[in-house]
Amino acid sequence: MPSAARPASPPSEAGTTGRAPLMRVIGPLLGGVWVVFFVQPWLAAWRSPAGVGRTVALVAVATQAVVFVLGTRYGNPARWVGRDAAGWRYAWLSLGVQAGCVALAGLGAHEVGLVGLIFLSVSALLTLPWRRAGWVVLASLVAVVGVPRVVPGWQPIDELVLSLVMASSAVFGFSALISSNRKLRAAQDEVAVLAVDRERERIARDMHDILGHTLTVVAVKAELAGRLVEVDPARARDEIGQVQALARTALGDVRAMVTATRDLTLAGELAGARQALDSAGIEAQVPTVADEVPESLRPLFAWAVREGVTNVLRHAAASNVRITMTADSLVVEDDGRGHSGVPAGNGLTGLAERARAVGATVESGGVPGGGYRLAVRAGAA
């Protein structure tokens, strides 16, 4: 008996790699694989005596198979988060149709028609919160055990109980794992965004600390010098000299602070890239962690992410962007117009210089079928 069709991601899911459109295709395909297990109740109905009951049972088995496959596209551990009333109605309607099909299948397949309860239980686990799904599974178990014992002429199929328990346990465990992974990825995204926000707050605080007092003193001395120009020119000149010295000091402090902040963080740039692309309405596949990248390459990869995403936003007119990263390479690829007619800027030149400094290379250019690729690879200089 089937264990489960693999859950697929809903269309609303975002921020993540492995985007929803792909899973909306894979979910029904994998659900279709398990349709083969409907052959058992179908054959049982087919072998029953010809008549209305036989026909109704065959139609019921086929209908449940179709409803089950279509329902897999909504199977995901976060399925009840943000679902509207129409989504809930669809979930319950799907389960109700399957329950009705199981009952009608019994007209021709008899006790073998209860195989459909396995698919009903799996669908419930894929489309309902755990507690409600648990009641559906429990009711299915009671039906599998009790109905054959009370309907005249039906024979108990005790191994069907084991199949139902194994299938339900498998899909529950798999969905729980996917749910945990999603929560972990969301937490990692949140941590990265918080890191960027903290860095912005630090920069703002440093700017205030560096310039706030100095500019206040400059304003006071400049005002004083203006009043002394006529009455005490010598002192006015002295005050102007102090203003110039304070301005040079402040300029040096700002330059030192900017130099210190030029060391980007890879995690921060990845989080910033995801936010910028989402804001521009561009589908993005962005890594959430950078643990596998050596410390020596993280600044270079951070600059590559910034340069690649900046070029996408300015020139590409793309609808999809994918950032792939390994321990020694980073690739930013889009499906836009290939930056045709756009002259090479200082960004790529600066990135190439940084790459050479750590023994890496930068590759950029169009890709077959349209689009643009920026790749940074270590150890290939």
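This is a short talk on the nonpolar cores and salt bridges of the structure above. One caution: the model is predicted.

Let's start with the cores. The largest nonpolar core has 38 residues. Which residues have the most contacts inside it? They are L114, L117, V122, A124, L128, L160 and L164.

Where does this core come from? Six names to keep in mind: α2 (39–46), α3 (52–71), α4 (85–109), α5 (116–127), α6 (130–150) and α7 (158–231) each give two or more residues to it. The largest share comes from α5, with 8 residues.

Take L117 as an example. Leaving aside residues up to four places away in sequence, L117 touches V102, S140, A143, V144 and L164.

There is another core, and it lies apart from the largest one. It holds 32 residues, including L297, V305, V332 and A355. As background, nonpolar side chains tend to be buried together in soluble globular proteins.

Now the charges. How many salt bridges does a search of the whole structure find? The count is 7. I'll walk through some of them.

First up, R235 and E239. Their side chains meet in a salt bridge, 3.9 Å from N to O. Both sit in helix α8 (residues 233–261), and because they are 4 residues apart there, about one helical turn separates them. What about burial? R235 is partly exposed, at 43% relative accessible area. E239 is buried, at 6%.

Next, R298 and E295. Here the side chains meet in a salt bridge at 3.3 Å, N to O. R298 counts as partly exposed, with 24% relative accessibility. E295, at 60%, counts as exposed.

Then E333 and R373. This is a salt bridge too, with the closest N and O atoms 3.0 Å apart. Which strands do the partners lie in? E333 is in β3 (residues 329–334), and R373 is in β5 (residues 372–378). So the pair ties together parts that are 40 residues apart in sequence. E333 is buried, at 17% relative accessible area. Buried here means under 20%, so E333 falls below that cut-off. R373 is partly exposed, at 30%.

And this pair has company. R322, E333 and R373 are joined into one network by salt bridges that share partners.

To recap. The largest nonpolar core has 38 residues, and α5 gives the largest share. Another core, of 32 residues, lies apart from it. On the charged side, E333 and R373 link β3 with β5, and R322 joins them in a network.

Terms used:
Residues are numbered from 1 along each chain as its sequence is written. This is a predicted model: local features need pLDDT of at least 70, side-chain atom pairs count only at pLDDT 80 or more; totals for chains, interfaces and linings use all residues. Side-chain values use heavy atoms; hydrogens and water are left out. A nonpolar core is a set of buried Ala, Val, Leu, Ile, Met, Phe, Trp, Tyr and Cys residues joined through side-chain atoms within 4.5 Å. Buried means under 20% relative accessible area, exposed over 50%, partly exposed in between (1.4 Å probe, protein chains only). Contact means heavy atoms within 4.5 Å. A salt bridge is a side-chain nitrogen of Lys or Arg within 4 Å of a carboxyl oxygen of Asp or Glu.
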